[in-house]
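Subject: Handing over a structure, with notes

Dear colleague,

I am passing a structure on to you, and you will find it just below. My notes on what turned up in it follow.

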Amino acid sequence: MKKLSTALLILLVASVNAQNNTEMTDEVIKKRLAPIGGVYLAGAVPAVVVPTGPRSGQQVFQNTCFGCHGTGAMGAPKTTADWEPRVAKGFDVLLNHAINGFNSMPPKGTCMDCSDDELKAAIDFMTKGQ
């Protein structure tokens, strides 16, 4: 019973202190209730992703491709032996798959700001044994 009484006393004190807090002005309340993010509305100017410059094949691989091609996730080719049958189809087929997606791989492997040249460099890097 003593624990319950102590808990009720703590709640009562906290309640009284909260009611006496007059620092919550309308402006403070508006700030606390303001949304954290924003929503793109049709017709609004979209944010443009600006490339930071040409990246090497190794940079693209490490930043984007490694999640699947470095681990072999979802059957992604990882080793030189995995790449051999794909390379046999020709570089243009590999580039087309990289740009447009293929099987489990999404278009551009989710590197939407990668140029075609950067994707070519990444393919070269991965197929030559990293």
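Let me begin with two phenylalanines, F61 and F125, both of which are buried. Please keep in mind while reading that this is a predicted model. F61 has a relative accessibility of 5%, and it counts as buried because the limit is set at under 20%. The structure holds 2 aromatic pairs, and F61 takes part in the pair with F66, which is edge-to-face, with 5.7 Å centre to centre and 90° between the planes. F66, for its part, is partly exposed, at a relative accessible area of 41%. F61 also pairs with F125, and here the arrangement is tilted, with the centres 5.3 Å apart and 50° between the planes. Since F61 belongs to helix α3 and F125 to helix α6 (residues 116-127), this pair ties together parts of the protein that are 64 residues apart in sequence. Through these ring pairs, F61, F66 and F125 are linked into a cluster.

For the wider setting, the protein has 6 helices and 0 strands, so that reading along the sequence gives the pattern α-α-α-α-α-α. Of its 130 residues, 20% count as buried, and the protein exposes about 9,900 Å², of which carbon and sulfur atoms supply 61%. If one takes the contacts between residues at least 6 apart in sequence, 54% of them join residues that are at least 24 apart.

The cysteines deserve some care, and one question may help when you look at them: which residues form a disulfide? The structure holds 1 disulfide, and it is formed by C111 and C114, whose sulfur atoms are 1.9 Å apart. The link of C111 and C114 is right-handed, with 75° about the S-S bond, and both C111 and C114 are buried.

Why is C65 not bonded to the closest cysteine sulfur? The closest cysteine sulfur to that of C65 is in C114, and at 7.0 Å it is too far for a bond, because a disulfide requires the two sulfur atoms to be within 2.5 Å. C65 is nevertheless buried, with a relative accessible area of 13%. C68 is likewise in no disulfide, and the nearest cysteine sulfur, which is that of C65, is 9.0 Å away. As for its surroundings, C68 is partly exposed, because its relative accessible area of 30% falls between the limits of 20% and 50%.

One further residue is worth a look, namely H69, which lies in helix α3, a helix that covers residues 57-70. Is H69 buried or exposed? H69 is buried, since its relative accessible area is 10% and the limit for that label is under 20%. A polar atom of the side chain of H69 lies 2.9 Å from the backbone oxygen of P77.

If you have only a little time with the structure, I would suggest starting from helix α3, where F61 lies and where H69 is also found. From there you could turn to the disulfide of C111 and C114, and then to C65, whose sulfur is 7.0 Å from that of C114.

With best wishes

How values were computed
Residues are numbered from 1 along each chain as its sequence is written. This is a predicted model: local features need pLDDT of at least 70, side-chain atom pairs count only at pLDDT 80 or more; totals for chains, interfaces and linings use all residues. Side-chain values use heavy atoms; hydrogens and water are left out. Helices (H or I, at least four residues) and strands (E, at least two) are DSSP runs, numbered from the N terminus. Buried means under 20% relative accessible area, exposed over 50%, partly exposed in between (1.4 Å probe, protein chains only). A polar contact is a pair of N or O atoms within 3.5 Å; within protein, one must be able to donate a hydrogen and the other to accept it, and residues adjacent in sequence count only if both atoms are side-chain atoms. Contact means heavy atoms within 4.5 Å. Accessible areas come from the Shrake-Rupley method with a 1.4 Å probe; for residues, only the protein chains shown count as cover. Rings of Phe, Tyr and Trp (its six-membered ring) pair if their centres lie within 6.5 Å; planes under 30 degrees apart count as stacked, over 60 as edge-to-face and the rest as tilted.
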